[in-house]
Amino acid sequence: MFCPVCESEFDVGIKICPDDGTPLVFKLTPENTMHDHSEARFVPLHTFGSPAEAEMVNDIFKQNGVRSAVQSGGNDALSPLLSTVSNGATILVDERDYDNALELYQSFFGDDPTPLTGTTIEEDLELEGSDESSEREEPER
């Protein structure tokens, strides 16, 4: 006998799962199982300037049941959490969890694209470029 919720196996004669109170079935099938066992397909949710920041957000997702992973830049392959010369990192989430992950991210951080470490490398470069162009545009007096 099997529980379709927790998928635990029980001796014949037990009819209700003692853990969650669900009626047991003789065999687990895709139709009677609560868990989705289909293959994961990860899609990008957000890119961070720092692998450490991506790992922190990934931890939040994992604690809330979102299937996720961190894809880091090439310079931090040996130490993604300690790297200071990184190309950044992207949070990948299972497409089945995308809406939930987006809602969760926004509930924690709003629309802030870099909530824990500040701007991304691309944003820093854009700011530097705009500072230089604004200095050049000022007329001399």
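## The overall picture

Let's start with the parts list: the protein has three helices and three strands. Walk along the sequence and they come in the order β-α-β-β-α-α. Keep in mind that this is a predicted model.

How much of the chain is tucked away? Of its 141 residues, 29% count as buried. On the outside, the protein exposes about 9,600 Å², and carbon and sulfur atoms supply 52% of that area. Then there's the question of who touches whom. Among contacts with a separation of 6 or more, 57% are between residues 24 or more positions apart.

## A look at helix α2

Helix α2 covers residues 98–109, which makes 12 residues. From its first C-alpha to its last it reaches 16 Å, close to the 16 Å expected at 1.5 Å a residue. Right after α2 comes Gly110, with a positive phi near 65°.

Which residues of α2 are buried? They are Ala101, Leu104, Tyr105 and Phe109. If you look down the axis of α2, these buried residues fall within an arc of 105°, so they line one face of the helix. There's a simple rule behind this kind of pattern: an α-helix has 3.6 residues a turn, so residues three or four places apart point the same way. The face of α2 turned away from the buried side is where you'll find the exposed residues Asp99, Glu103 and Ser107.

## What α2 packs against

The buried residues of α2 pack against three elements: strand β1 (42–48), helix α1 (51–63) and strand β3 (89–94).

Now zoom in on His46, which sits in strand β1. His46 is buried, with a relative accessible area of 18%. Its side chain makes a polar contact with the side chain of Tyr105, at 3.4 Å. Tyr105, remember, is one of the buried residues of α2.

## Two cysteines, no bond

A disulfide is a covalent bond between the sulfur atoms of two cysteines. How many disulfides does the structure hold? Zero. Take Cys3: the closest cysteine sulfur to its own is in Cys6, 3.6 Å away, and that is too far for a bond. The cut-off for counting a disulfide here is a pair of cysteine sulfur atoms within 2.5 Å. Looking from the other end, Cys6 is in no disulfide either, with the sulfur of Cys3 as its nearest cysteine sulfur.

Are these cysteines buried or exposed? Cys3 is buried, with a relative accessible area of 0%, while Cys6 is partly exposed, at 31%.

Methods:
Residues are numbered from 1 along each chain as its sequence is written. This is a predicted model: local features need pLDDT of at least 70, side-chain atom pairs count only at pLDDT 80 or more; totals for chains, interfaces and linings use all residues. Side-chain values use heavy atoms; hydrogens and water are left out. Helices (H or I, at least four residues) and strands (E, at least two) are DSSP runs, numbered from the N terminus. The expected span of a helix is 1.5 Å times one less than its number of residues. Buried means under 20% relative accessible area, exposed over 50%, partly exposed in between (1.4 Å probe, protein chains only). The arc is that of the directions from the helix axis to the C-beta atoms. Contact means heavy atoms within 4.5 Å. A polar contact is a pair of N or O atoms within 3.5 Å; within protein, one must be able to donate a hydrogen and the other to accept it, and residues adjacent in sequence count only if both atoms are side-chain atoms. Accessible areas come from the Shrake-Rupley method with a 1.4 Å probe; for residues, only the protein chains shown count as cover.
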